[in-house]
Amino acid sequence: MISQFFILSSKGDPLIYKDFRGDSGGRDVAELFYRKLTGLPGGESPVVMYHDDRHFIHIRHSGLYLVATTSENVSPFSLLELLSRLATLLGDYCGSLNEGTISRNVALVYELLDEVLDYGYVQTTSTEMLRNFIQTEAVVSKPFSLFDLSSVGLFGAETQQNRVAPSSAASRPVLSSRSDQSQKNEVFLDVVERLSVLIAANGSLLKVDVQGEIRLKSFLPSGSEMYIGLTEEFCVGKSELRGYGPGIRVDEVSFHSSVNLDEFESHRILRLQPPQGELTVMRYQLSDDLPSPLPFRLFPSVQWDPGSGRLQIYLKLRCDLPPKSQALNIHLHLPLPRGVVSLSQELSSPDQKAELGEGALHWDLPRVQGGSQLSGLFQMDVPGSQGPPSHGPSPSAPPLGLGPASLSFELPRHTCSGLQVRFLRLSFSTCGSANPHKWVRHLSHSNAYVIRI
Amino acid sequence: MTDSKYFTTTKKGEIFELKAELNSDKKEKKKEAVKKVIASMTVGKDVSALFPDVVNCMQTDNLELKKLVYLYLMNYAKSQPDMAIMAVNTFVKDCEDPNPLIRALAVRTMGCIRVDKITEYLCEPLRKCLKDEDPYVRKTAAVCVAKLHDINAQLVEDQGFLDTLKDLISDSNPMSINKLLTALNECTEWGQIFILDCLANYMPKDDREAQSICERVTPRLSHANSAVVLSAVKVLMKFMEMLSKDLDYYGTLLKKLAPPLVTLLSAEPELQYVALRNINLIVQKRPEILKHEMKVFFVKYNDPIYVKLEKLDIMIRLASQANIAQVLAELKEYATEVDVDFVRKAVRAIGRCAIKVEQSAERCVSTLLDLIQTKVNYVVQEAIVVIKDIFRKYPNKYESVIATLCENLDSLDEPEARAAMIWIVGEYAERIDNADELLESFLEGFHDESTQVQLQLLTAIVKLFLKKPTETQELVQQVLSLATQDSDNPDLRDRGYIYWRLLSTDPVAAKEVVLAEKPLISEETDLIEPTLLDELICYIGTLASVYHKPPSAFVEGGRGVVHKSLPPRTASSESTESPETAPAGAPSGDQPDVIPAQGDLLGDLLNLDLGPPVSGPPLAASTVQMGAVDLLGGGLDSLIGDTNFGAPPAAVTTATATARLGAPISSGLSDLFDLTSGVGTLSGSYVAPKAVWLPAIKAKGLEISGTFTRQVGSISMDLQLTNKALQVMTDFAIQFNRNSFGLAPAAPLQVHAPLSPNQTVELSLPLNTVGSVMKMEPLNNLQVAVKNNIDVFYFSTLYPLHVLFVEDGKMDRQMFLATWKDIPNENEAQFQIRDCPLNTEAASNKLQSSNIFTVAKRSVEGQDMLYQSLKLTNGIWVLAELRIQPGNPSLTLSLKCRAPEVSQHVYQAYETILKN
């Protein structure tokens, strides 16, 4: 199955190297891989590479290359799945996955690899199972403090306790020091949706889809049961009907194998006994039929004078969220014709920022309140604009290379599908007296929000 | 305390310092030191000098430290085998440690130390651990057996480890399908992948079993692990082949397959890419699964380029009349993006849509014209290349756009675009007023052009000359002299000469040849060949499906590579034959319709090395023949949709034929063939009666029946052509696809007089075995194209293998004995020939006349054993032992051959010869 596994830093230095079958040419392979990867001509797929009877399969994870090699005709899916599972596992055990944590925890990583893969065959990837075998403790960079308020999260957590979960809380190793019992009782439940939208130049909606997942990170002792209650009007498939309103509809749902669905049909309750560590409880997706209006509409108008090479772009951005909600870190990216130079801009409010770079216009808005409207007027010159005015393209047509605009943003406390977690209940039998902290968060962000111009 | 500082120390005395620390008394210090050593090891520093010191640390109760030391051992034991032996005692001791974790650790590490000497010590502890009370230790020990097998397979068998392993699998019949299906619900996701892959290799008895397996596999489609999903898809795709299409269940299954595939496309780009490569195969096999899911393949702005290109490909495959408007709108958007590669591919895709969906052609052309108006260089060039293809597909429809194309003549700098433009000018020379000026402008830099452009320019100017002879005489002379006298390129020179000769001898014939009507181009030129596609479907979810190559093409040494094929569709009443006697999917018996559709064959035939074989009997040069050859060459050539029109690659041969034009037409050769076919079958090997190969309904009235004969060293194909149509047939020509033994016509098909309605002609076509070779399935399959003035027809037939048995196939006795022993036993195949009451003498004689030679004879216990040898045209020897028992009509035949795949066919040859 797998001949070798290695982790390279973004610069190509080997951080971890492990040979499982002894059938391959030693650690030069890692170097070979990096040379091959960086020497790739554009367009060729770097996912699966072949060299000298050896196949390289890799993923990139927070700047690191996780690479598996094999010499047989195995399933690339299982290797890719395994690599991403390893990334999660290493994250679970080392706190987070990056160059620093890996090089601090070399011994731990090797120990993990030994247990996950034997002779190149996958043994287990469950955090819970592996706990029994792992001896080494993770080395964390700095001691973690729950009350370290300097690192307040990007968005506040909505919980009964109404306290703020520090953003670093979730990036703490699952196996933090055994002695420290008090910090263990925490559960993080995130509903995260990714929104892909494609809007045609005439403003009509070509395509919209939402991919969502409910992620759980648990520090509770394993074996404790928990109930996750979802919105009761939650419907699966086109035909199902629940509640009186339009309902919250998704096209397809898949659950983690440990989820007990006995009460899902009747009450939309998921029951599970989560292992410690990260877990995707549920994945769902819906397309075409969004219950709420799109969060943003962009109204662009472009004036292009090919004679003088003057290009004027007026962008109006309307946020259609409910007035109480807001969007954060909005970034608009608009590719421009080659060689565009000067730029004069008029922006509707002072906290915005716009600049030219890498052949595109970047417009940053830190925060937009629901229902508000922002605009920007940009003027630039396209030098050496080709085509004499006599039989060039008609003046109204935009020059080549302009658009499409793409938006990226985050919508805290908002799900595009409307799905909410009603409650998160823990049934406690074994654990100590301390009431566990439960953090429930909802978040939507853009995956590809593209508006053609 | 962090480990990162270990990476920073590079001072000289480092090794020395570490040594001191390793020998320290304090446990903590030792542990830190070993950690440092391992960190150095990872970054590639040589710390093997510390071997003895590290091994000394092994004697410890601290599990963490022990693990670290073992890690070090695994890395360096190979380079220091003698030192590694020092550690053996500790290993053996650890294997009996009360802590199961330590036992497992020791067994695992020992397996990873690939030193021969250690393996001897390994056996005893391993045997104990295989029977350990702790499941974790047992599991680790089982994997260790696999490791040991890799190092020393013999040892594993001698020690009986395999039997112990079998005991571990508590079930007595592990391959029972039901067990597997049950296990599917019980094991981890990684195990499920193995089980599903295993299921995919199983051949269900009938469609009912296939359906029940499908039903139990379907729930896996919603698994979170994409590898499980894809393996399940593979099982379903394979078993669906067996289900009847009318079944309700078939439709349900189709519907169930779409959502999981769509879901895969929302994963990470890496997974998406692999998924798309697989979907590409699935779409080609069963487009109906995803035909309503076009939207998910729309390219996202932030997709990586490799995902974009793959999506584009699938979009075109799914394009149909229903969704073409949507697709075109998308493609037009893509064509204005920034990435050059992607834009090119998008433009090309528009052209492919036009060719695929006729109703959309007009819109595609106008879209392309819009794109040409952008004046972006690479867009224009790409558009011109695809417009040329559109002209080929829909002649005389869109010529109005030529004027626009001509405006852009100057901006073309890529050979492909220039060649395409020149083709267009030449093809429509009569409608372009200044065609001669345009072509002349290209001619100026003739020698700097690429071959593609030069060839095209030559042909275009000749076309122009034939259309407007008066004004362009000078131009054509200029290009002919450039091509023939000033060029080093043989292709160009030959093409130049043949045009020259044609024009000077017979301008009318030249016109017929050069301006011949071109066959339509095929709709999809880039489809994967059907047989390969079927094989790849069996490999869904493996690397083969990503490369779109069969595993034999990239897996080392072909170890464990079995050619897989889809199961045949069966009804529950009839059971399939067992796979040993007939490879699944291969029809048995002389079925002339091995190839279902003509279209599929087209692709194969186009890869043919065109032109009659030169190394056969000398060409009988006659004008009639030459015309036929040329037309066939030209016709097939232009089918490729390539830009080489008019002069085929066969020009070399034809040119030689032309050179001999003056020679008297020798009819001796053909007389000889008539003679042989007249003398008939008395002296040669057995000849089967003629069978109908191509029924008249399938070939617009031409019926072809035939058989194969072998006469004194030459193979021929005896054909009987019957004209059942109402019109006269002329211009016959024949061509074979590449086949297993390189059979090829040794002379053109000679039908001397036109074949009038209801007339039958018998003729014999001499064959040789110097054609190009490609392994066919079944081995003796031969795909044939026959052309006449009406059309080109395709059929395929199976030739009896005995026509390939050569006359010098008698092996020396000693040699026979040695070879028989030398060929491994697994290559031996045994067959029964029933109902053949022959005595030894008669059988031997009969076989002898078909070039199966008896080397020795022996009588054992009332049985006669004949030892026989034969040789195939490609030099493969087959050794046979034929056992004849007087009074028993069944004969037993054992065959040994280094290429065991021929055995089945040799057996069939034996049976045919002996029974007739």
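The exercises below, each with a worked solution, concern a predicted model and treat a sheet, an interface and several salt bridges.

**Exercise 1.** Determine the strand order of the open five-stranded sheet in chain B, and explain which strands stand at its edges.

*Solution.* Begin with the order, which reads 9-13-12-11-10 in chain B, the pairing being antiparallel. Strand 9 (828–833) and strand 10 (853–860) of chain B each have a single partner strand, so one side of each is left without a neighbour in the sheet, and these two stand at the edges. Neighbouring strands of this sheet are turned against each other by 20° on average, with direction ignored. Next take a pair inside the order: strand 11 (residues 863–871) and strand 12 (residues 877–884) of chain B are joined in the antiparallel sense over eight bridges, and B:Leu870 has B:Val878, in strand 12, as its bridge partner. Finally, add the helix that packs on the sheet, namely helix 35 (residues 813–822) of chain B, which touches strand 9, strand 10, strand 11, strand 12 and strand 13 (891–897) of chain B, and whose direction makes about 95° with that of strand 12.

**Exercise 2.** Describe the contact between chain A and chain B by its residues, its buried area and its salt bridges.

*Solution.* First consider the residues, of which chain A gives 80 and chain B gives 77. The area buried between the two chains is about 6800 Å², and carbon and sulfur atoms give 59% of this area. Seven salt bridges are then found across the interface; a salt bridge between the two chains joins the side chains of A:Glu115 and B:Arg108, with an N to O distance of 3.2 Å.

**Exercise 3.** For the salt bridges A:Arg85 with A:Glu81 and B:Arg286 with B:Glu241, work out how the partners are placed in sequence and whether each is buried or partly exposed.

*Solution.* Start with A:Arg85 and A:Glu81, whose side chains meet at 3.4 Å, N to O. Both lie in helix 2 (residues 76–94) of chain A, and because they are four residues apart there, about one helical turn separates them. Under 20% relative accessible area a residue is buried; A:Glu81, at 8%, is therefore buried, whereas A:Arg85, at 21%, counts as partly exposed.

Turn now to B:Arg286 and B:Glu241, whose closest N and O atoms are 2.7 Å apart. B:Arg286 lies in the loop between helix 16 (269–285) and helix 17 (305–318) of chain B, and B:Glu241 in the loop between helix 14 (226–240) and helix 15 (248–264), so the pair ties together parts 45 residues apart in sequence. B:Arg286 is buried at 4% relative accessibility, and B:Glu241 is buried at 14%.

Definitions and conventions
Residues are numbered from 1 along each chain as its sequence is written. Chains are lettered from A and ligands numbered from 1 in the order in which they are written. This is a predicted model: local features need pLDDT of at least 70, side-chain atom pairs count only at pLDDT 80 or more; totals for chains, interfaces and linings use all residues. Side-chain values use heavy atoms; hydrogens and water are left out. Two strands pair if DSSP finds at least two bridges between them. Axes are lines fitted to C-alpha atoms, for helices over the stretch in contact, and angles run from 0 to 180 degrees between N-to-C directions. Contact means heavy atoms within 4.5 Å. Buried area is the accessible area (1.4 Å probe) that two parts lose on being put together, summed over both. A salt bridge is a side-chain nitrogen of Lys or Arg within 4 Å of a carboxyl oxygen of Asp or Glu. Buried means under 20% relative accessible area, exposed over 50%, partly exposed in between (1.4 Å probe, protein chains only).
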